[in-house]
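Open the model in a viewer and keep the sequence panel beside it. The stops below say what to select next and what is there.

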Amino acid sequence: MLVACASEAPPSNTAASRSKPKSAGHGAPSVPAPEGVSASHTAPVVVPNEDSDALAQRLQAQPALTRFSGQVSYYSNALAGHSTASGEPYEPSAYTAAHRSLPFGTIVRVVSDKTGRTVYVRINDRGPFVHGRVLDLSHAAAKKLGLIGPGVLDVRAEVVENGPVKKSAHRRSKKPHKPH
């Protein structure tokens, strides 16, 4: 998981801060390598990033599917290139964020309570793991929201597009198996 705040934000006890160097994917789900390929030779999944303005243009009229509020913080640029929980590398210039449980790929509209500034982000990581914090934002998203100086900001957030939900490969029947 790539969950760490920039130096301007108060320090947090996050999984990424305890992970090994060059691997912010502590606790991230492992993806099996294709048959005949070792896991060390597989590339992480990389999702194209829409910038916040493109997301805003596409989704500004979209009603909120769900809402939540709390504080946001942001990632340090020092984590650039480290793996996120989704497997893609952290890119400070992308409009991405970490949330504890929203599916990867979910688009969230984040609005500053103080300034009214809005940014759209795509969930690609897990966290934050600090009480009261609801999102960890990429550097670009934090800058657009006016978060770089304060380090922590009160926001309201709205899910405007759900990410894909992975279904279990094996479903158990609730009915007992009857012998033939």
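Start with proline 128, which is found in the loop between β4 and β5. Helices (H or I, at least four residues) and strands (E, at least two) are DSSP runs, numbered from the N terminus. A cis peptide bond joins glycine 127 to proline 128, with omega at about -10 degrees.

Two notes on the model before moving on. It is predicted: local features need pLDDT of at least 70, side-chain atom pairs count only at pLDDT 80 or more, and totals for chains, interfaces and linings use all residues. Residues are numbered from 1 along each chain as its sequence is written, and side-chain values use heavy atoms, with hydrogens and water left out.

**The whole chain**

Zoom out to the cartoon view. The protein has three helices and six strands, and from the N terminus on the elements run α-α-β-β-β-β-β-α-β. Of its 180 residues, 42% count as buried; buried means under 20% relative accessible area, exposed over 50%, and partly exposed in between (1.4 Å probe, protein chains only). Switch to a surface: the protein exposes about 10600 Å², and carbon and sulfur atoms supply 54% of that area. Accessible areas come from the Shrake-Rupley method with a 1.4 Å probe; for residues, only the protein chains shown count as cover.

Among contacts in the protein with a separation of 6 or more, 77% are between residues 24 or more positions apart. Contact means heavy atoms within 4.5 Å.

**The barrel**

Now select the strands. In what order do the six strands close into a barrel? The order is β1-β5-β2-β4-β3-β6, and the pairing is mixed. Two strands pair if DSSP finds at least two bridges between them. Neighbouring strands of this sheet are turned by 45 degrees against each other on average, direction ignored.

Narrow the selection to β2 (residues 96-98) and β4, which pair in the parallel sense over three bridges. Threonine 96 has arginine 122 in β4 as its bridge partner.

Next, select leucine 135 in strand β5 (residues 133-137). Is leucine 135 buried or exposed? Its relative accessibility is 0%, so it counts as buried. Leaving out residues up to four places away in sequence, leucine 135 touches Phe68, Gln71, Val72, Ser73, Ala97, Ala98, His99, Val108, Val110, Ile123, Pro128 and Ala157. That list includes Pro128, the starting point of this tour. For a distance check, pick the C-alpha atoms of leucine 135 and aspartate 125: these residues are 10 apart along the chain, and the atoms are separated by 9.7 Å.

**Helix α2**

Select residues 52-59, helix α2, and show side chains. Ser52, Leu55, Ala56 and Leu59 are buried here. Seen down the axis of α2, the buried residues fall within an arc of 100 degrees, so they line one face of the helix; the arc is that of the directions from the helix axis to the C-beta atoms. An α-helix has 3.6 residues a turn, so residues three or four places apart point the same way.

What do the buried residues of α2 pack against? Their partners are β3 (107-112), β4 (118-125), α3 (139-145) and β6 (153-161). The helix lies across β3, β4 and β6, and runs at about 105 degrees to β4. Axes are lines fitted to C-alpha atoms, for helices over the stretch in contact, and angles run from 0 to 180 degrees between N-to-C directions.

**Salt bridges**

The structure holds six salt bridges, each a side-chain nitrogen of Lys or Arg within 4 Å of a carboxyl oxygen of Asp or Glu. Three of them can be visited from β6.

- Select glutamate 161 and arginine 58: their closest N and O atoms are 2.8 Å apart. Glutamate 161 lies in strand β6 and arginine 58 in helix α2, so the pair ties together parts 103 residues apart in sequence. Glutamate 161 is partly exposed at 27%, as is arginine 58 at 42%.
- Select glutamate 158 and arginine 109: the closest N and O atoms of this salt bridge are 2.3 Å apart. Glutamate 158 is in β6 and arginine 109 in β3, so the pair ties together parts 49 residues apart in sequence. Both residues are buried.
- Select arginine 156 and aspartate 113: the closest N and O atoms are 3.7 Å apart. Arginine 156 lies in β6 and aspartate 113 in the loop between β3 and β4, so parts 43 residues apart in sequence are tied together.

Finish by adding Arg67 to the selection: salt bridges that share partners join Arg67, Arg109 and Glu158 into one network.
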